[in-house]
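Colleague: I have a new model open and would like to learn how to read it with you. Could you take me through it feature by feature?

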Amino acid sequence: MSGYTSVTGDERREMLAAIGVSSVEELFDVPAGVRLDRDLDLPDGLTEAEVYERMRDLAARNADAESEICFLGAGMYDHYAPAIVDAIVSRSEFLTPYTPYQPEISQGGLQAMFEFQTAMTELTGLPLSSAGLYEGPSTVAAAGYLAIGATKRRRFVVSGGVNPESRDTLATYSAGYPAQVATVPLADGLTDLDALAEAVDSETAAVFVQYPNFVGAIEDLEAIAAVAHDAGALLIAACDPIALGILRAPGDAGVDIAVGEGQPLGNRLDYGGPSFGFFCATEAQIRRMPGRIAGETTDVDGRRGFVLALQTREQHIRREKATHNICTAQALNALGGMIYLSWLGRRGLVELGELLVRRTHYARETLAAVDGVSLLHDQPVVREFAITFDAPVGRVLDHCASAGIAAGVPLAEEYGNGLLVAITEQRTIEQIDRLAEVLGDGIALARSAGAKREEVTA
Amino acid sequence: MSDAVVDPPATAEVPTPMQRDRATTIYERSVPGRRAAAIPASGVPGGDVPIDELIPSRLLRDEPARLPEVSEPEIVRHYNRLSRRNFDLDSGIYPLGSCTMKHNPRINERVAALPGHARLHPAQDPARAQGALELMWSLERSLSEICGLPHVSLQPSAGSHGELAGLLLTRAFHEANGDAGTRTRVLTPDTAHGTNPASVTMAGYEVVKVATNEDGGVDLDDLRAKTDERVACLMLTNPNTLGLFDRNIAEITGIVREAGGTLYYDGANLNAIMGHSRPGDMGFDIVHVNLHKSFSQPHGGGGPGAGPIAVSERIEPYLPVPRIERVEAGSANGSNGDAPHVRFELRGAEDHPASIGRLRGFQGNFGVFVRSYAYILSLGGDGLAEASETAVLNANYLLARMSEGRAGRYLPIAFDRRPMHEFVLSGSEAKKQLDIKTLDIAKRLLDHNMHPPTVYFPLLVDEALMIEPTETETRESLDGFADAVEAILAEAEQDPEIARQAPYTTPVRRLDEAGAARNPVVRQDLG
Ligand SMILES: Cc1ncc(COP(=O)(O)O)c(C=O)c1O
């Protein structure tokens with residue numbers, strides 16, 4: 001109830017006298033017709049302890065990954081985020097400043113951006129990285145905007161293996177750009193190359209794929225790049241940054257723009273945000289990149305320093321000609337990502353990737369052996385795979401939830417009736433075995449309940 | 001007590017310890033073989049097979065990505081060292097105009113870190129995320145009341161994202177009315193923030209600039225001349241980026257509404273008017289709220305933030321999905337006297353067929369919602385109104401202090417009207433009479449351990465200094481800021497070169513930005 005202000009009654013009087021008015025109301029040069037002549041209809045303020053209690057009660061009504069076994073993914077994953085991420089990002093010096101417009105007193109943030117950019121270019125195999133955008137799907141849409149500027153074309157061809165939320169976001173933005181969006185289906189878990197070749201034409205600005213794709217399969221980027229580039233289109237890949245630790249770098253396979261959701265890199269789940277989006281591209285796009293970019297330079301005494309580089313792309317300079325409208329981004333989350341990558345380090349990221357591959361293949365075999373479960377595809381996977389079964393997904397999930405397991409994310413209709421199952425290093429072999437058991441029971445129960453209902457209706 | 005440095009040096013003859021400490025990147029601390037994380041064994045029964053038996057080698061990397069190889073103590077030292085090379089709000093006044101650098105309450109961090117929030121997966125079944133959905137719904141209702149508009153979407157990730165959302169909503173609205181094809185223009189005043197015109201272009205519209213009158217408000221004649229059936233929308237900030245509340249606001253919104261356009265309110269300056277005036281009551285259709293400004297989300301060195309939008313009835317059908325719905329089940333008529341069972345649901349495009357669709361992944365920047373909702377709970381309705389009052393009081397007090405003495409002489413106010421939570425001075429006289437630029441004043445302030453105001457914005461003011469102290473500064477810190485500016489101007493009367501060469505005490509001194517633009521080095525060369 002303090003309002004976090006300091007002014008006492010005496011001070012207020014003195015300050016008003018210094019201003020030369022007798023009341024605060026006089027300071028509000030607001031026409032009478034638009035003044036609110038009543039109090040806001042909101043509850044009275046609470047003490048800090050009361051706020052804590054209220055928020056704790058709300059939090060207690062959520063089933064979080066600490067209180068159940070979480071196999072949920074679809075873009076965000078329950079990785080272990082080390083304590084140093086929290087410790088560092090909650091330092092006032094990182095938490096409370098704003099965008100580094102005054103570089104002399106923002107070297108910490110600027111250098112962290114520079115380090116982040118370096119790490120992301122290493123992961124993606126592309127020479128340019130922005131310091132980060134909002135999150136995954138809107139970053140996919142941002143890549144589309146760049147492609148329109150680069151190719152002067154207004155048609156997108158999107159693989160059905162791209163996260164449906166990214167596709168939806170791209171479609172939303174495309175109503176404004178404007179651009180048309182065509183979708184190419186999957187065949188056996190991978191983008192159907194024949195259908196892709198047919199869909200891509202001389203009006204196509206960009207082809208969008210996901211790597212690994214939404215159902216977990218690893219696309220053949222080189223083959224897709226050939227199709228895109230033959231038509232003069234850019235290839236945009238939405239990538240899982242953890243998987244990039246072991247998979248061929250998109251830049252080495254012909255991808256022009258690699259983007260993605262940064263949450264897996266040491267960021268909290270936070271029910272979907274804040275996290276960050278990463279955006280990397282070929283040298284050709286240097287004047288079209290969206291978002292802040294830190295660059296190295298020197299000061300008047302020759303000391304090494306960092307500044308916001310290439311600002312003539314940005315809204316505060318170029319206004320309606322800017323390459324993107326972004327201003328406040330997700331700098332603190334990108335810093336968290338950089339700390340996480342330093343913590344994993346060069347070998348740790350590979351070891352983590354290999355661990356995921358092994359446990360995920362184990363999980364897939366184990367679930368495939370469950371009565372009633374089929375695999376959507378049997379392509380190699382890194383950390384996620386899709387299963388289908390002939391029982392109502394909601395019922396199966398409810399059964400698993402009652403056993404303390406969030407078994408997976410329901411598949412969209414276009415993929416089939418089933419679940420997307422994600423594995424992290426926090427999911428043990430025992431937990432995977434338990435999932436198989438509970439899922440099997442759930443499917444059996446849901447089927448017999450369904451059969452009974454049919455009997456009744458028949 | 002003010003946190004100012006009392007007598008900053010006027011030369012850089014003796015470098016500070018920080019200046020002698022050359023910037024070293026984490027890669028330069030890397031030693032092959034060092035590490036921090038321990039990765040568990042896979043534990044897969046039967047032992048590990050080579051990875052290329054599971055994934056064909058043509059899909060695999062040949063060489064690991066060159067990430068740093070460092071131990072945990074090294075990581076902590078490195079980033080602590082970096083952190084000391086930042087100035088931050090917790091160290092001193094940060095009167096960055098248009099950015100509302102108010103105190104970030106630490107209770108908000110504590111409740112955001114509760115596992116029920118921080119470790120809640122966004123794809124969790126909504127039935128098992130009821131606390132999160134109730135929190136979001138409650139925040140929506142609070143923002144609706146504060147903005148005076150009935151419907152809210154929390155989805156946009158920042159102000160600029162809210163602007164884009166508003167323009168896409170505008171397009172959907174005109175499409176439904178059958179005149180999207182002819183309404184191609186969006187009006188923005190010449191005082192508008194850069195994100196406004198950038199968003200207009202991204203949404204496929206053409207920017208038409210409206211002039212500012214001598215009052216610092218929208219020039220009504222120019223507005224009338226440019227408002228016709230081609231106008232899709234007017235985007236306005238009120239109080240505007242001069243800190244001035246437009247006296248003709250009702251007339252302005254009336255003109256555009258009459259011509260069939262939508263009205264977009266850039267809520268970056270909401271901190272001036274919470275509980276005193278509401279954009280909905282001014283006639284606006286769509287408002288974005290920067291939760292990282294008025295609602296205390298820490299700025300994080302450039303985010304995260306969130307830019308929820310509140311909208312009028314006529315815009316509601318097009319709001320982004322998913323939307324949160326509060327459903328009362330059980331005793332629908334309340335006839336049996338039991339409290340109705342309430343649940344919250346996420347509704348998609350099936351239920352909202354006219355929606356523009358989704359603007360991002362999942363449900364939005366939930367962690368930001370937690371902090372801002374905690375802030376609203378802490379202050380309550382009265383507290384929010386009081387926060388705005390104090391923000392306006394502090395700004396006007398600081399302006400009074402800066403209207404005296406040398407600041408009054410060299411840094412006159414750009415538009416001589418009573419400002420609200422921020423005000424804009426012009427450094428044109430300092431440039432003429434003292435031969436120092438606004439940039440020099442800003443850089444010299446750094447030696448006083450103060451963050452400079454926003455400079456060179458808004459564009460229509462020559463050598464602009466845009467000053468927003470916020471309600472959480474003490475009178476001493478306001479006095480300290482006014483004194484520091486006074487000292488800088490006095491010093492410049494004697495020797496303008498001191499300001500021109502400033503800063504002297506910061507970790508690095510003026511940086512070669514032109515060089516960085518000509519020859520961009522935007523990642524480390526790892527050989
Ligand atoms: C007046 C105004 N409008 C819009 C914005 C954009 O908001 P955001 O940075 O959250 O995208 C800002 C601030 O950055 C602003 O000051």
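Modeller: Gladly! Keep in mind that this is a predicted model. Let us begin at the ligand, where helix α6 (residues 159-177) of chain B gives the largest share of the surrounding shell, three residues.

Colleague: Where does the ligand lie with respect to the chains?

Modeller: The ligand sits between chains A and B. There are 15 residues around the ligand, and those that come nearest are Thr328(A), Ser98(B), Ser160(B), Asp266(B) and Lys293(B).

Colleague: How do the residues of that shell divide into nonpolar, polar and charged?

Modeller: Four are nonpolar, eight are polar and three are charged.

Colleague: Which polar atoms should I look at around the oxygen atoms of the ligand?

Modeller: Start with the backbone. A polar backbone atom of Gly159(B) is 2.7 Å from a ligand oxygen, and a backbone N or O atom of Ser160(B) also lies 2.7 Å from an oxygen atom of the ligand. Then turn to a side chain: an N or O atom of Lys293(B) is 3.1 Å from a ligand oxygen. As for cover, on its own the ligand has 380 Å² of accessible area, and the protein covers 99% of that.

Colleague: Let us move on to the two chains. How is the size of an interface usually given?

Modeller: It is often expressed as the accessible area that is lost when the parts come together. Here, chain A and chain B bury about 17100 Å² between them, with 60% of it on carbon and sulfur atoms. Within chain A, the residues that lose the most area to chain B are Tyr4(A), Tyr271(A) and Arg346(A), which together make up 6% of what that side buries.

Colleague: And how many residues does each chain bring to the contact?

Modeller: Chain A brings 184 residues and chain B brings 204 residues.

Colleague: How many salt bridges and polar contacts are found between the chains?

Modeller: The rule finds 20 salt bridges across the interface of chain A and chain B. One to display is the pair Asp48(B) and Arg358(A), whose closest N and O atoms are 3.6 Å apart. The count of residue pairs in polar contact between the two chains is 102. On the side of chain A that touches chain B, helix α11 (residues 331-368) gives the most, with 25 residues. By class, that side of chain A has 95 nonpolar, 43 polar and 46 charged residues.

Colleague: Last topic: the backbone. What is the general expectation for phi and for peptide bonds?

Modeller: Most residues other than glycine have a negative phi, and most peptide bonds are trans. Now for some cases to inspect. The peptide bond from Tyr211(A) to Pro212(A) is cis, with omega near -15°, and Pro212(A) is in the loop between β7 (204-211) and α9 (221-230) of chain A. In chain B, the bond from Asn238(B) to Pro239(B) is cis, with omega near 0°; Pro239(B) belongs to the loop between β4 (231-237) and α9 (249-258) of that chain.

Colleague: Which residue should I check for a positive phi?

Modeller: Look at Ala74(A): its phi is positive, about 65°, although Ala74(A) is not a glycine. You will find Ala74(A) in the loop between β1 (69-70) and α3 (83-89) of chain A.

How values were computed: Residues numbered from 1 in each chain as written. Chains lettered and ligands numbered in written order. Predicted model: local features only at pLDDT ≥ 70, side-chain atom pairs only at ≥ 80, totals over all residues. Heavy atoms only, no water. Near = heavy atom within 4 Å. Polar contact = N/O pair within 3.5 Å; in protein donor to acceptor, adjacent residues only side chain to side chain. Areas by Shrake-Rupley, 256 points an atom, 1.4 Å probe, with all protein chains shown as cover. Helix = DSSP H or I, 4+ residues; strand = E, 2+ residues; numbered from the N terminus. Nonpolar A, V, L, I, M, F, W, Y, C, P; charged D, E, K, R; others polar. Contact = heavy atoms within 4.5 Å. Buried area = accessible area lost by both parts, 1.4 Å probe. Salt bridge = Lys/Arg side-chain N within 4 Å of Asp/Glu carboxyl O.
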